[in-house]
Amino acid sequence: MLNKFMKRGNKKGSKSDDLAFPPANRGSGIVASSNVVVNHASRVGVPGSSGPTATPQGVGGAAIVAPPPTGSVEALPLFKDVPAAERQNLFMRKLQICSFQFDFIDTLKSVREKEIKRQTLMELIEFIQSGSGKIHETVQEEMIKMVSINIFRCLPPSSHENTGVEATDPEEEEPFLEPSWPHLQLVYELLLRYVVSQDTDTKIAKRYIDHSFVLKLLDLFDSEDPREREYLKTILHRIYGKFMVHRPFIRKAINNIFYRFIYETERHSGIGELLEILGSIINGFALPMKEEHKLFLVRALIPLHKPKPVGLYHQQLSYCITQFVEKDYKLADTVIRGLLKYWPVTNCQKEVLFLGELEEVLEATQCAEFQRCMIPLFRQIARCLNSPHFQVAERALFFWNNEHIVSLIAQNRNVILPIIFEALEKNIQSHWNQAVHGLTVNVRKMFLEMDVELFEDCQSQYEEKVSRAKDVEEQRLLTWKRLAEVAGEDMVTA
């Protein structure tokens, strides 16, 4: 059995591309990775990372040669202390130092080497940021390899994964903070500076920041460390803006993450950050909107209201949804019906979030779209008005504080008032919360001022309905009484 596992391990390892970096120095606690490890076994290695690299010519005709592998980390001279012709070679040597990885669990191990790597990363960031010179294509390739070695890794499992611990509410879990963040932050900063630099030629950079690289970045959004997700959000947004060739692929890849989250796991740490990126992307959509974007709204964004932890990312989701309606007002009917489809039944806090989002959507809704969905919409609002949870009822009554919504209601009062009149009357008669009672009285008064005749008709119909219900109830009680009498007589006879 052990031999089988070892064989499997060897087969898996052979799929990864070997990177030309020094071996590990086990005695010093240094780990020099030769394989890039990512979340999914099907996504391994960095394209173009295997095999020896060509020896290009640097500044002034000097050859850029990767230094021979060593097992130790030693400080290198500063860029300002070497001639310009040697800086490309020095950059390569510094990249080699930064490719070493260290054990951050033990804070006392390899302290000197960790500090050397930290200082070296800061020098590389400063060099890229200062625009001191355009780095050669091969140096760019080695830099992306170094970044890949540092950031692409297996994320630690959440407490509910691979353990006997029962899954808890994601809102209550303590996030795992990455121990290697002092180095990881600088690597992300270097990648960000490289992407945004005016000296970075996208025609060259896209060879290394390719689809595989983007997929691995997206995998990292599931990191529990909010600091890492913030960097990933900024970097992916910049990549989307700079590399136009990657835009459709990035949108599709984010779609796939959403689908897996909605229909399979309902667990992902980075949904909020991905939605923040999409909010900016949606804002830039050209009109008329492509069918692809409308399908994204219907198939991905609206179903994101379904998962239980929607509260963690609802603010960003609501912004994206509202952006669509503001871009194309004809989508309002689709969005409102989508919200009604996923309306929570027993989760009152979620219901309050939905009502807030619904108000934002209605603010951007035109009368024609409002009329298409107003009947199912106000049936749901009527149920909210009678909710025993005072925050739900109160939030629904706040709709009448919005001038645009009141205007839509006033234009369609002949349809809306008969739907919600009974709910208003029940609140006035029996709702336990005084604030809800007061707001209901104000709404009732508003309808009375809008159309006295309509209000009186609704009141008359409501009173008739109550009277009929009372008669039915009396008849039911009478029937039961007769049944009891007959049953009693039978028992006496027996």
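Which side chain does a polar contact of 2.5 Å join to that of E228? The partner is Y188: a polar contact of 2.5 Å links the side chains of these two residues. Good morning. The structure I am presenting today is a predicted model, and I shall return to E228 after a brief overview.

The protein chain contains 20 helices and 2 strands. Of its 494 residues, 46% are buried. If we take the contacts in the chain with a separation of 6 or more, 74% of them come from residues 24 or more positions apart.

Let me begin with the surroundings of E228. This residue belongs to helix α8, which covers residues 226–242. Is E228 buried or exposed? Its relative accessible area is 0%, and since buried means under 20%, E228 counts as buried. Besides Y188, the residues in contact with E228 include R153, W181, L184, L220 and S223, with neighbours within four places in sequence left aside.

A second glutamate, E178, can be described in a similar way. E178 sits in the loop that runs between α4 (137–151) and α5 (181–196). With a relative accessible area of 13%, E178 is buried. Residues up to four places away in sequence are not counted here, and E178 then touches R153, L184, D225 and R227. Please note R153 and L184 in that list; R153 and L184 are also among the contacts of E228.

We turn now to a tyrosine, Y208. You will find Y208 in the loop between α6 (202–205) and α7 (211–219). Its relative accessibility is 9%, so Y208 counts as buried. Which residues does Y208 touch, not counting those up to four places away in sequence? They are E137, Q140, E141, I144 and F213. For one of these, I144, we can add a distance: the C-alpha atoms of Y208 and I144 are separated by 6.7 Å, while the two residues are 64 residues apart along the chain.

The next topic is helix packing. Two packed helices are described by the angle between their axes and the distance between the axes. I shall use α14, residues 348–363, in two examples.

The first example pairs α14 with α17, residues 403–411. Their axes are 9 Å apart, and the helices pack at an angle of about 75 degrees. That angle makes α14 roughly perpendicular to α17. On the α14 side the contact is made by E359, L362 and E363, and on the α17 side by H404, I405 and L408. By class, this contact has 3 nonpolar, 1 polar and 2 charged residues.

The second example pairs α14 with α16, residues 390–397. Here the axes come within 9 Å and cross at roughly 5 degrees. The two helices are therefore roughly parallel. From α14, the residues C348, Q349, E351, V352, L355, G356 and E359 meet Q391, V392, R395 and A396 of α16. Sorted by class, the residues of this contact are 5 nonpolar, 3 polar and 3 charged.

Let us look at α17 itself in closer detail. At the start of α17, a side-chain oxygen of N402 reaches to within 3.0 Å of the backbone nitrogen of H404. Which residues of α17 are buried? They are I405, V406, L408 and I409. Viewed down the axis of α17, these buried residues fall within an arc of 160 degrees, so they line one face of the helix. On the other side of α17, E403 and Q411 are exposed. The buried residues pack against α14, α15 (367–385), α18 (413–430) and α19 (434–450).

I shall close with some points of backbone geometry. The peptide bond from L287 to P288 is cis, its omega being near 0 degrees. P288 lies in the loop between α10 (271–283) and α11 (291–301).

There are also two residues with a positive phi to consider. S110 is a residue other than glycine, and its phi is near 55 degrees. S110 is found in the loop between β2 (100–102) and α3 (111–130), and with a relative accessible area of 9% it is buried. E266, also not a glycine, has a positive phi of about 55 degrees. E266 lies in the loop between α9 (247–265) and α10. With a relative accessible area of 27%, E266 is partly exposed.

Thank you for your attention.

How values were computed: Residues numbered from 1 in each chain as written. Predicted model: local features only at pLDDT ≥ 70, side-chain atom pairs only at ≥ 80, totals over all residues. Heavy atoms only, no water. Helix = DSSP H or I, 4+ residues; strand = E, 2+ residues; numbered from the N terminus. Buried < 20%, exposed > 50% of the residue type's maximum accessible area, 1.4 Å probe, protein only. Contact = heavy atoms within 4.5 Å. Axes fitted to C-alpha atoms, helices over the stretch in contact; angles between N-to-C directions. Parallel < 35°, antiparallel > 145°, perpendicular 65-115°, else oblique. Nonpolar A, V, L, I, M, F, W, Y, C, P; charged D, E, K, R; others polar. Arc of directions from axis to C-beta. Polar contact = N/O pair within 3.5 Å; in protein donor to acceptor, adjacent residues only side chain to side chain.
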